Amino acid sequence: MSKKIMILPGDGIGPEIVAQAKAVLEAVDKKSGLGLAFEEGEIGGAAIDSSGEPLTEETLEAAGQCDAVLLGAVGGPKWDQLDRDIRPERGLLKIRSRLGLYANLRPAILYPQLADASSLKAEIVSGLDILIVRELTGGIYFGEPRGIRVLANGEQQGFNTYVYSEYEIERIARTAFEAARKRRGRLCSVDKANVLEVTVLWREVVERLAPEYPDVELSHMYVDNAAMQLVRAPKQFDVMVTGNMFGDILSDAAAMLTGSIGMLPSASLNETGFGLYEPCHGSAPDIAGQGVANPLATILSAAMMLRYSLDMDGAADLIEQAVHKVLDEGLRTADIFTQGCRKVTTAEMGAAVVNAL
Ligand code: IPM
Ligand code: MG
């Protein structure tokens, strides 16, 4: 039975990295006879240029009818002046929200070959393997009311609403407890319960679920401390679960521990296991079109897609092993380059992974 994948390259380096991930998927398909089929659509600035909006209803519907979605990145200076309701990022938030992709899994794994590329000392990060579980369709990103209003004195005021309902907290917490159970059995819930009521409730709900997962050791941490601990002693963490905005911030920090944000894949899943897969990094307009971007985060996202949405674990393993092999061989894009390695382009890195397969 064939599986259909919607490819949404997006903007900036998106098309370059997605092309490499697609080539890797095609190669693994050929090798293992997976029966993958591809459809392509537009999101972000690319979609604004052709249709006037960052994600059309047609593309959204087509994506929902595929078995999984592989996305590059959105945004860039070309669209920064647009009204905030039709900016590229809105396309990304729309697909996450409308497809109900509330569970964002962001694994930060240090590949031993890259220990020297991390900005932290090798002994602090070697062996690092953290999973950040970020709530993705609620919190301050989506809370209403929101906007910029003009006060009586003529001054403008910006405002957002940080809101979480119990069911939203409960379902993401369950995702995290389940994940911890399959890993090293430790879960740290990150909040700001010393200040924000919404996260007082967050902590309460997570705490309430704990007895159902006696095999998981639960702890809580304030977000400011969590940021500090991530750069001080990151190996203390196994699974971290947190809201949308804190997760956005902490996952960038965790990414850098691994040498480069160019290495971090992600999965965004809904209740049925349907998922959207994208690198954690952005569209990097400053290096777009130069062929220097690291395609590995997107290639590893494709591997996550095979594992989580398509039930093709063996093929996912093959891709991950191929990535290890090219790193072993010393191939590095600019972002992970260290002395003594071989610097390669985006396309060369992609081709090397295909070869290793
Ligand atoms: C991410 C990105 C997005 C986010 C932006 C591009 C809207 O930073 O996926 O982490 O904030 O969620
Ligand atoms: Mg981010």
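Let's start at S268, which sits in strand β11, the stretch covering residues 265-269. Keep in mind that everything here is read from a predicted model. S268 has a relative accessible area of 0%, so it counts as buried, the cut-off being under 20%.

Who are its neighbours? Leaving aside residues up to four places away in sequence, S268 touches L101, A103, N104, L136, F274, G275, L276 and E278. One of these, N104, does a bit more than touch: its side chain and that of S268 are joined by a polar contact of 3.2 Å.

Now zoom out from that residue to the whole chain. You'll find 12 helices and 14 strands in it. The radius of gyration comes to 20 Å, close to the 21 Å that the globule rule gives for 357 residues, so the chain is as compact as a globular protein of that length. If you'd rather think in box dimensions, the C-alpha trace spans about 60 × 50 × 45 Å along its principal axes.

How is the inside held together in terms of contacts? Taking the contacts with a separation of 6 or more, 75% are between residues 24 or more positions apart. As for burial, S268 has plenty of company: 53% of the 357 residues count as buried.

That leaves the outside and the charges. The chain exposes about 15,100 Å², with carbon and sulfur atoms supplying 51% of that area. On the charge side, there are 34 positive and 49 negative side chains, and the centres of the two sets lie 3 Å apart.

Notes: Residues numbered from 1 in each chain as written. Chains lettered and ligands numbered in written order. Predicted model: local features only at pLDDT ≥ 70, side-chain atom pairs only at ≥ 80, totals over all residues. Heavy atoms only, no water. Helix = DSSP H or I, 4+ residues; strand = E, 2+ residues; numbered from the N terminus. Rg over C-alpha atoms; globule rule 2.2 N^0.38 Å. Buried < 20%, exposed > 50% of the residue type's maximum accessible area, 1.4 Å probe, protein only. Contact = heavy atoms within 4.5 Å. Areas by Shrake-Rupley, 256 points an atom, 1.4 Å probe, with all protein chains shown as cover. Lys, Arg positive; Asp, Glu negative; His and termini not counted. Charge placed at Lys NZ, Arg CZ, Asp CG, Glu CD. Polar contact = N/O pair within 3.5 Å; in protein donor to acceptor, adjacent residues only side chain to side chain.
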